[in-house]
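Visitor: Could you take me through one part of this structure up close? I'd like to look at the core.

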Amino acid sequence: METKLKKNTATLVILAVSGALIYALPYFRNYYYDVFLEVFKLTNTQMGTLGSAYGICCLISYIFGGYCADRWKTKYLLAISLFATGILGFTLLLYPPYPVLLLIHAAWGITSIMTFWGALVKAVRSLGSENEQGKAFGFFEGGRGITNIVQSVVILGIFAFFAKRMSDKMALSAVITVYSVICLLLGFIIMLIYKESNQENESVQATDGSKKFDWAVLWKILKMPTTWLATILIFTSYAMIISYYYITPYATAAFGASTLIAAALGYFSQYCRPIGSFGAGIIGDRIGVSNMVLIGYIVLIVGLVGLIVLPAKASFILMLLVFIAVIYTSMYALQAMHFAILVEGDYPVETTGTVSMPLMIIGYSGEIFMPIVAGACLDLWSGTTGYKVFFTILLALAVIGLVTVMIWQRVTKEKRQEIALQRKLANL
């Protein structure tokens, strides 16, 4: 028997690819930092403010993203976001002055988050039945990871080809062109293949044809304990996801890892991402999403404890790699379950945008101050002590996440039993 998710496999693949590549344009400057700096005639400070402009608009967009997702059709939001992001990419080919670059990056904060991310989460939720949410989000996150691995290799090859035969500027133009064209193509593909879910089609329509955003629903969601428990789960796991790159300098400082090994550790995370995401999705649907989250936190805690207590000797570097693999795999497993767990909270698909508002605003807020916390730890404690203090803070957050998911399971007991019954009947 073909399941709902299997019927929507092609759509899930396109959403995963889109969910990865729409962020290539706002971030590619970091991978080609020196060339970008040179051809756009920027200072390091100006380069930094481009990221700040994008980050500030992303934060604002998280506030309004849920409103957009539950008001307008998902297909149009996704397509328009990709079109707008691609068109803004083409404007880079004019090599505009710094103020225009600043505006472009600010606009990307809107097109890649406000009109896109909430709608994307809603779209992924709609592709699978209640007992397929783990696989839906696990395969989605895994697909994003694979897309990032493939595109980084292909784009680097394109850059090297043009840089060798022409110039660095032409190579950068080629990268910009490819990313922009891909965004436009993905927008067209989504317009062609994406079909609105039955829940969306049955939702209340305003007189102008757009969906109404029900503030009463938002108020009801804010009063549900599961909303705040899910927010804590996202916050505690996302803190690790945005802080893992501090492991690389720690490996160099404490274990004497070479520059090459340190760089490899950074790329290693992307190879662990599909393993963690696909594994979490498959296991989550078999044993229950929150059970998978529980396991994810336990494994993450084991990895962090190992990282903290492992003696700082070069002879232990292989053991270090094992603990790092454990951390990377578990953190991406947890990320894959961020929104899959909503099915146990009994939130209808049509309210996904609304419920994602507090989840994203608070859950992702660590992106603002976790780097500040890390910097303060490294400044206050010299040597490797600062890193261990910061990792201990991450460990404490993981423990809070573990306790939170235990509370979640008590609160959602009835709904989890209902989903388990559906899973059992589906396997008969």
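Guide: Sure, let's start inside. Of the 122 residues in the largest nonpolar core, those touching the most other members are Phe28, Phe40, Trp117, Leu172, Met240, Phe339 and Phe391. A nonpolar core here is a set of buried Ala, Val, Leu, Ile, Met, Phe, Trp, Tyr and Cys residues joined through side-chain atoms within 4.5 Å, and buried means under 20% relative accessible area, using a 1.4 Å probe and protein chains only. Helix 17 gives this core its largest share, 11 residues.

A quick word on the source: this is a predicted model, where local features need pLDDT of at least 70 and side-chain atom pairs count only at pLDDT 80 or more, while totals for chains, interfaces and linings use all residues. Residues are numbered from 1 along each chain as its sequence is written, and side-chain values use heavy atoms, leaving out hydrogens and water.

Back to helix 17, which covers residues 317-336. Helices are DSSP runs of H or I with at least four residues, numbered from the N terminus. Helix 17 is mostly covered, with 14 of its 20 residues buried. Its end C-alpha atoms are 29 Å apart, which agrees with the 28 Å its 20 residues should span at 1.5 Å a residue; that expected span is 1.5 Å times one less than the number of residues.

Now pick out Phe40 from the core. Skipping its neighbours within four places in sequence, Phe40 is in contact (heavy atoms within 4.5 Å) with Leu92, Tyr95, Pro96, Leu101 and Leu172. Leu172 is also one of the core residues that touch the most other members. Zooming out, buried residues make up 54% of the chain's 428 residues.

Terms used: Helices (H or I, at least four residues) and strands (E, at least two) are DSSP runs, numbered from the N terminus. Buried means under 20% relative accessible area, exposed over 50%, partly exposed in between (1.4 Å probe, protein chains only).
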